[in-house]
Amino acid sequence: MERVAAVVSTYNRKRMLRECLKSLLKQTRPPDTVIVIDGPSTDGTNEMVKKEFPQVNYIRIYENIGGAGQFYIGIKLAYNRGYNWIWVMDDDVIVVKRDGLETLLKIAHKLRSAGIPVGAVIPLQPVHGKLVQVGSLSIFVGGLISRNAISKAGFPRHDFFIYYDDVEYSYRIMRAGFAIKHAPPILEHRGWPQRKHLSIRIKGKEYRLPILSGKRMYYLVRNGIIFAKSYSQITLLLRIVVGAIIRAFQYALILRQLDVPFYVARGITEGFLNMTGRRFS
């Protein structure tokens, strides 16, 4: 029987984490292990997990390495322990379908039977009442990743801190010859899709983008540029730079977030210089 490890990244959101863990342990086909990577919460997450979920493998990281670093540690740990599938998510995910993991596994096995090399199966996400196909961007939001794909593509980048680690990893998995396919919605994601948005228009196309802090904008812009450059995605590179400049002006003029242009400018500069790791927290 194939074994599944669920990897959950958390940071100072013990209430969300509690709901996430409850939903995982109530699955009709529960994961064989749940690995929580906490880095490093100060809200009592440690005590809560040990008291309420003693069956969970809790690992506390005593340095803020961001979601990218935590996913790297969790996925590598599960892989080294021999699990066949790794189910990856942040603490702001609730698996609302009790047969969620069962559904993902059935789809993965069906694809394999059809001769498709499965890199990952990711659930569609309901956002504001509509199903949103966010493609490979959602691989760390309930994505079920195969051991075979990891063996060929390696582990995700740990030096992005936050943002684009999932995009880069998905792209690498697909370049290694594996497919990433969608599954029916099985979860509720209370993070990114639920943020307030601003709209920008580039070349006649409208983009709805979540409102972020200046520091988060820095990582989004920097890592996006590094990704686009690494894989010669020139159109994406131009879109990231132009979009970031437009958003910086929108934030400053409309939202009065006057620090955002500074963070965006730094993100653009350090992206072209390939500077990674944590700069702000």
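**Entry 1. Ground rules**

Helices here are DSSP runs of at least four residues, coded H or I, and they are numbered from the N terminus. I was working on a predicted model.

**Entry 2. Two residues with positive phi**

I started with Ser-232, which sits in the loop between helix H7 (214-230) and H8. Its phi is positive, about 55°, although Ser-232 is not a glycine. I then checked its exposure: Ser-232 is exposed, with a relative accessible area of 56%.

I looked up Tyr-163 for the same kind of entry. Tyr-163 is not a glycine either, yet it has a positive phi of about 75°. I found Tyr-163 in the loop between helix H5 (147-153) and helix H6 (165-175). Is Tyr-163 buried or exposed? It is buried, at 13% relative accessible area; the cut-off for buried is under 20%.

**Entry 3. The sheet**

I traced the strand order next. Seven strands make up an open sheet, in the order E3-E2-E1-E4-E9-E6-E10, with mixed pairing. Which strands lie at the edges? They are strand E3 (57-60) and strand E10 (179-183), each of which pairs on one side only. From one strand to the next, the twist averages 20°.

I followed the E3 end in more detail. E2 and E3 run parallel and are joined by four bridges. For Val-36, I noted Tyr-58 in E3 as the bridge partner.

**Entry 4. Nonpolar cores**

I went through the largest nonpolar core, which has 31 residues. Which of its members touch the most others? I noted Leu-21, Leu-24 and Trp-87. Among the elements that give two or more residues to this core are strand E1 (4-10), helix H1 (14-25), strand E2 (33-38), helix H2 (45-52) and strand E4 (85-90). Also on that list are strand E5 (93-95), helix H4 (100-113) and strand E6 (118-123). H4 gives the largest share, five residues.

There is a second, separate core of 30 residues. Its members include Tyr-163, Ala-244, Ala-248 and Tyr-263. Tyr-163 is the residue I had already written down for its positive phi of about 75°.

**Entry 5. Nonpolar surface patch**

I then turned to the surface. Ile-245, Phe-249, Leu-253, Ile-254 and Leu-255 form a nonpolar patch there. Together these residues have about 500 Å² of accessible area. I picked out Phe-249, which lies in helix H8 (residues 234-253). Phe-249 counts as exposed because its relative accessible area is 55%, and the cut-off for exposed is over 50%.

**Entry 6. Salt bridges**

How many salt bridges are there? The count comes to 12. I wrote up three of the pairs.

Pair one is Asp-92 with Arg-13, a side-chain salt bridge at 3.7 Å, N to O. Asp-92 is in the loop between E4 and E5, and Arg-13 is in the loop between E1 and H1, so this pair links distant parts of the chain, 79 residues apart. I compared the exposure of the partners. Asp-92 counts as buried, at 4% relative accessibility, whereas Arg-13 counts as partly exposed, at 33%. I also noted a network of salt bridges that links Arg-13, Asp-91 and Asp-92.

Pair two is Arg-18 with Glu-52, whose side chains meet at 2.8 Å, N to O. Arg-18 belongs to helix H1 and Glu-52 to helix H2, so the salt bridge ties together parts that are 34 residues apart in sequence. Arg-18 is partly exposed at 22% relative accessible area, and Glu-52 is partly exposed at 36%.

Pair three is Asp-32 with Arg-29, with 3.1 Å between the closest N and O atoms. Here Asp-32 counts as partly exposed, at 40% relative accessibility. Arg-29 is buried, at 13% relative accessible area.

**Entry 7. Thr-269 and Arg-222**

My last look-up was Thr-269, in helix H9 (residues 260-272). Thr-269 is partly exposed, with a relative accessible area of 47%. How far apart are Thr-269 and Arg-222 in sequence and in space? They are 47 residues apart along the sequence and 7.8 Å apart in space, C-alpha to C-alpha.

Note on methods: Residues are numbered from 1 along each chain as its sequence is written. This is a predicted model: local features need pLDDT of at least 70, side-chain atom pairs count only at pLDDT 80 or more; totals for chains, interfaces and linings use all residues. Side-chain values use heavy atoms; hydrogens and water are left out. A nonpolar core is a set of buried Ala, Val, Leu, Ile, Met, Phe, Trp, Tyr and Cys residues joined through side-chain atoms within 4.5 Å. Buried means under 20% relative accessible area, exposed over 50%, partly exposed in between (1.4 Å probe, protein chains only). Patches are made of residues with over 30% relative accessible area and no salt bridge: like charges are joined within 9 Å, nonpolar side chains (Val, Leu, Ile, Met, Phe, Trp, Tyr) within 5 Å. Accessible areas come from the Shrake-Rupley method with a 1.4 Å probe; for residues, only the protein chains shown count as cover. A salt bridge is a side-chain nitrogen of Lys or Arg within 4 Å of a carboxyl oxygen of Asp or Glu. Two strands pair if DSSP finds at least two bridges between them. Axes are lines fitted to C-alpha atoms, for helices over the stretch in contact, and angles run from 0 to 180 degrees between N-to-C directions.
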